[in-house]
Amino acid sequence: MSKYKVTRFAGVLLLAITMGACSQEPLTEAEQQQLDERFDPRFRGREGDERDTTTIWEAFSRRDAETSVAVNKYIWSASLEVLDFLPVQSVDPFTGVIITGFGTPPGGGRSYRATVLINDPALDARSLNLALQTQGGPASAATVRAVEDAILSRARQLRIADGRL
């Protein structure tokens, strides 16, 4: 199993726990069933299921001395720059997780908090996972997409500027 899968699994689990604990509305039955199917070990290994079968305990018990950081430095820096109006609560560059508190964007009237997961060293949109939450619940998909686009655009700018040095 790849070290990236373990890191990705731990990051997604942390993201799910963080966002689930902050939710003010209860999950619908369909949403709860999706979560159960994704994380319940009884559902693993079904035919056609390509998910990793590593348990959380196995992920933490491995000690690989040659583990490298699997985070794209441009997306990491761009995420911190674009979301600089939010107070940072927790950052972990080794797993690629940034968790912020509530803050209001300049010129905006609504408070947001963000959880960012960067799970691949490639400068690619698939490397970035963003969850935005308002005081009333999840932010709209359009808002999340706009922030993701801003982060990826800034990451490309940083990469181009770094290439000129």
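## Ground rules

Contact here means heavy atoms within 4.5 Å. This is a predicted model, where local features need pLDDT of at least 70 and side-chain atom pairs count only at pLDDT 80 or more, while totals for chains, interfaces and linings use all residues. Residues are numbered from 1 along each chain as its sequence is written, and side-chain values use heavy atoms, with hydrogens and water left out.

## The chain as a whole

Let's start with the overall layout. The protein chain has five helices and five strands, where helices (H or I, at least four residues) and strands (E, at least two) are DSSP runs numbered from the N terminus. Read from the N terminus, the order is α-α-α-α-β-β-β-β-β-α.

Of the 165 residues, 31% count as buried; that label means under 20% relative accessible area, with exposed being over 50% and partly exposed in between (1.4 Å probe, protein chains only). The accessible surface comes to about 10,500 Å², and carbon and sulfur atoms own 52% of it. Those areas come from the Shrake-Rupley method with a 1.4 Å probe, and for residues only the protein chains shown count as cover. As for contacts with a separation of 6 or more, 50% of them are between residues 24 or more positions apart.

## Asn-72, at the start of α4

Asn-72 sits in the loop between α3 (56-61) and α4 (73-82). Asn-72 caps the N-terminal end of α4, with a side-chain oxygen 2.8 Å from the backbone nitrogen of Tyr-74. A polar atom of the Asn-72 side chain also lies 2.9 Å from the backbone nitrogen of Ile-75. Polar contacts are pairs of N or O atoms within 3.5 Å; within protein, one must be able to donate a hydrogen and the other to accept it, and residues adjacent in sequence count only if both atoms are side-chain atoms.

Asn-72 has a relative accessibility of 5%, so it counts as buried. Setting aside neighbours within four places in sequence, Asn-72 is in contact with Ile-118, Asp-120, Pro-121, Ala-122 and Leu-123.

## How α4 meets α5

The axes of α4 and helix α5 (residues 141-163) come within 8 Å and cross at roughly 125 degrees. Axes are lines fitted to C-alpha atoms, for helices over the stretch in contact, and angles run from 0 to 180 degrees between N-to-C directions. The two helices are therefore oblique to each other. On that scale, under 35 degrees is roughly parallel, over 145 roughly antiparallel, 65 to 115 roughly perpendicular, and the rest oblique. α4 passes α5 in a right-handed crossing, meaning the near helix is turned clockwise from the far one by less than a right angle (anticlockwise would be left-handed).

On the α4 side, the residues involved include Lys-73, Tyr-74, Ser-77 and Val-82, and the α5 side includes Ala-150, Leu-152, Arg-159 and Asp-162. Ala-78 belongs to α4 and has a relative accessible area of 0%, so it is buried. Not counting residues up to four places away in sequence, Ala-78 touches Ile-151, Arg-154, Ala-155 and Leu-158. Ala-78 and Ala-150 are 72 residues apart in sequence, yet 8.4 Å apart C-alpha to C-alpha.

Arg-156 is in helix α5 and counts as partly exposed because its relative accessibility is 44%. The C-alpha atoms of Arg-156 and Ile-75 are separated by 8.3 Å, with their positions 81 residues apart along the chain.

## What covers α4, and who packs where

Which residues of α4 are buried? They are Tyr-74, Ile-75, Trp-76, Ala-78 and Ser-79. Their cover includes α5 plus four strands: β1 (88-92), β2 (97-100), β3 (112-118) and β4 (128-134).

Ile-98 gives a view from the strand side. Ile-98 is found in strand β2 and, at 2% relative accessibility, counts as buried. Beyond residues up to four places away in sequence, Ile-98 touches Trp-76, Ser-79, Leu-80, Ser-90, Val-91, Ala-114, Thr-115 and Val-116. Its C-alpha is 8.6 Å from that of Ile-118, 20 residues apart in sequence.

Val-144 does the same job of illustration for α5, where it is located. Val-144 counts as buried at 15% relative accessibility, and, leaving aside neighbours within four places in sequence, is in contact with Leu-130, Leu-132 and Ala-139. The C-alpha atoms of Val-144 and Asn-129, 15 residues apart along the chain, are separated by 9.8 Å.
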